Amino acid sequence: YAFNADIQQLMSLIINTFYSNKEVFLRELISNSSDALDKIRFLSLTDHEVLAAEPELKIKIIPDKTNNTLTIWDTGIGMTREDMVRNLGTIAKSGTKAFMEALSSGADISMIGQFGVGFYSAFLVADRVVVVSKNNDDKQYKWESTAGGTFTVEEDDGEEINRGTRIVLHMKDDQLEFLEEKRLKDLIKKHSQFIGFPIELYVEKTTEKEVTESEDEEEDKEEEKPKIEEVTEEEEKKEKKKKKVKEVSHEYEQINKTKPIWMRTPESVTKEEYSSFYKALTNDWEEHLACKHFSVEGQLEFKALLFVPKRAPFDMFETRKKKNNIKLYVRRVFIMDDCEEIIPEFLNFVKGVVDSEDLPLNISRETLQQNKILKVIRKTLVKKCIEMFNEIAENDEDYKKFYEQFSKNLKLGIHEDSTNRAKLAELLRYHTSKSGDEVVSLKEYVSRMKEDQKEIYYITGESRQAVANSPFIEALKKRGIEVIYMVDPIDEYAVQQLKEFDGKKLRNCTKEGLDLGETEEEKKQREEEKAQFEGLCKQIKDTLGDKVEKVVVSSRISDSPCVLVTGEYGWTANMERIMKAQALRDSSMTSYMVSKKTMEINPKHPIIVELKKKSDADKSDKTVKDLIWLLFETSLLTSGFTLEEPNVFANRIHRMIKLGLSIDDEDMEVEAEEDMPELEGEAPSNMDDVD
């Protein structure tokens, strides 16, 4: 018979192109065998007689190094003569053309089975393929091809098969590695570990047998029994030389011993079984932290088993690594382990398996993206993962470990996943101004909010210590209001998306528009201070020019003289720091995202009060300008910004030091004066000298 033109083209493509992962042939042939076994098992449900010829359902794999052949033998449904002619060559399946198109557009050879032409992958490693098959309704036939343009089908009078198919691959000379026992074991474990039928590999077992060289005769002397026993023991040690002989035997060893755990009910699986399955699946040496085993029924059927490891992988956020760790099976046959559609990126640390009953086996990456079933699976997996995290959260100790490792992922989820944002927000934990060393959830924070407190206050910064001493939260602390400390760079991104929690708005203490819920009396006092300090505010603004947008009297500080707050919608000082640290940042974005700064002054602080006096006395006083710049630069630092010109700031400080030490600038000699100049009275004249 001649091969169909499409198939001929496909075969020449397989034979003449170099593919690095030729190992897929074994997965494809085992998968085909498994399908054949599935078919006969299905028939046997209604008619038990079909199994009469061969009741055992299994797959045997026999490497033969002497003849360089590899045999894959199943006791499945088998093929009639007609099936052979039709399925193995004359009629091209619809997938043949599609597969060649996919290949030419850069797809991987490993997808061959997904187009229903997996059988031809045998020619990746073999130059001659013989298929012997026996169906219950026909005689035993043999199909043979050397990958030219033709194949033959004839009645077979070789070794009889009760029922099933035996594929014999005559291996190419450079593919003999696939006859090695270890290589075959690894491949079966990798691709076909969870096939529902036993896969048996014909292995060589070497046993050592001890043979004695000369058997000494023992004399029986009954009278002196105990004595003689001693002698014979010693003699045996001395005289009987034993020789070790290696005996080689062959036997079948079942490779896929792990039954698919996920097919069983969660109640019937022990903790140890989950643990050993997790280790087999992930090659992790530790046990898992938590697992979730569930099945979904209804319009869509799939089973899944998900694990959270104890440690985050060191390359969790590497861009080039595999996107996730979920293995996708379709009816127990492994399809792929890097399906991006199955779980969002922020859950890339969750490991496990999903086994779908509804996805077609010949699914390719392209069709996966449009597949509605996958969208439903993805949605369910995210929901179940969040349930699993909530279960971990019931145990504080476990959750602490989990949060240390994976808090970044949860925050990334808040940034990316709008539907589950509220649920993920409940999993967040933060230190606050009242929590000490403990971390609290947003729920706990809300539960202990003051009655008149309308918003959730938080502050972002570089470290817990930095934010705890920040001038921005002085007034809040004085009023006994709890402030959440967010010190992880990713918090900045998460909180941009998480606008509110439990109906309460999140308010950043470092941005303008902070409302402390003042009483009428306090508001009145604030208005008075505003009027009082209007002149100073104007002078500060004139001195600093475009460095600040405006200067106002503050209600948020109680101990510091002044702070710099950012606009409500721009970057905070912390975000500015983070963005400047990006290696591949786009500096054009910085220009319009950098927030306009507002300087807030504390009207009760002695420095500001004194400065006001000086300013009122003489508007053009140089000292006042110098002090304003010094205040601005120190508040840049305390507010978390970076200095643009540190050397100018340093020079100002040095001038103050010289002033304090009464050093004259001209001769730079230290004159020990008996009375130190008081800054307030003598500052102007000294400052002039220095200048």
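Contact here means heavy atoms within 4.5 Å. The model is a predicted one, so local features need pLDDT of at least 70 and side-chain atom pairs count only at pLDDT 80 or more, while totals for chains, interfaces and linings use all residues. Numbering starts from 1 along each chain as its sequence is written, and side-chain values use heavy atoms, with hydrogens and water left out.

Take glutamine 453 to begin with. Setting aside neighbours within four places in sequence, glutamine 453 is in contact with Tyr445, Ile481 and Glu482. Glutamine 453 sits in the loop between helix H12 (442-447) and strand S16 (455-460); helices (H or I, at least four residues) and strands (E, at least two) are DSSP runs, numbered from the N terminus. With a relative accessible area of 9%, this glutamine is buried (under 20% relative accessible area, 1.4 Å probe, protein chains only). The side chain of glutamine 453 also reaches the backbone oxygen of glutamate 455 at 2.9 Å, where a polar contact is a pair of N or O atoms within 3.5 Å, one able to donate a hydrogen and the other to accept it, and residues adjacent in sequence count only if both atoms are side-chain atoms.

On to the sheet. Six strands make up an open, mixed sheet in the order S15-S14-S17-S16-S19-S18, two strands being paired if DSSP finds at least two bridges between them. At the edges lie strand S15 (440-441) and strand S18 (500-501), each pairing on one side only. S16 runs parallel to strand S19 (residues 504-508), with four bridges between them, and tyrosine 458 stands opposite asparagine 508 in S19.

Methods
Buried means under 20% relative accessible area, exposed over 50%, partly exposed in between (1.4 Å probe, protein chains only).
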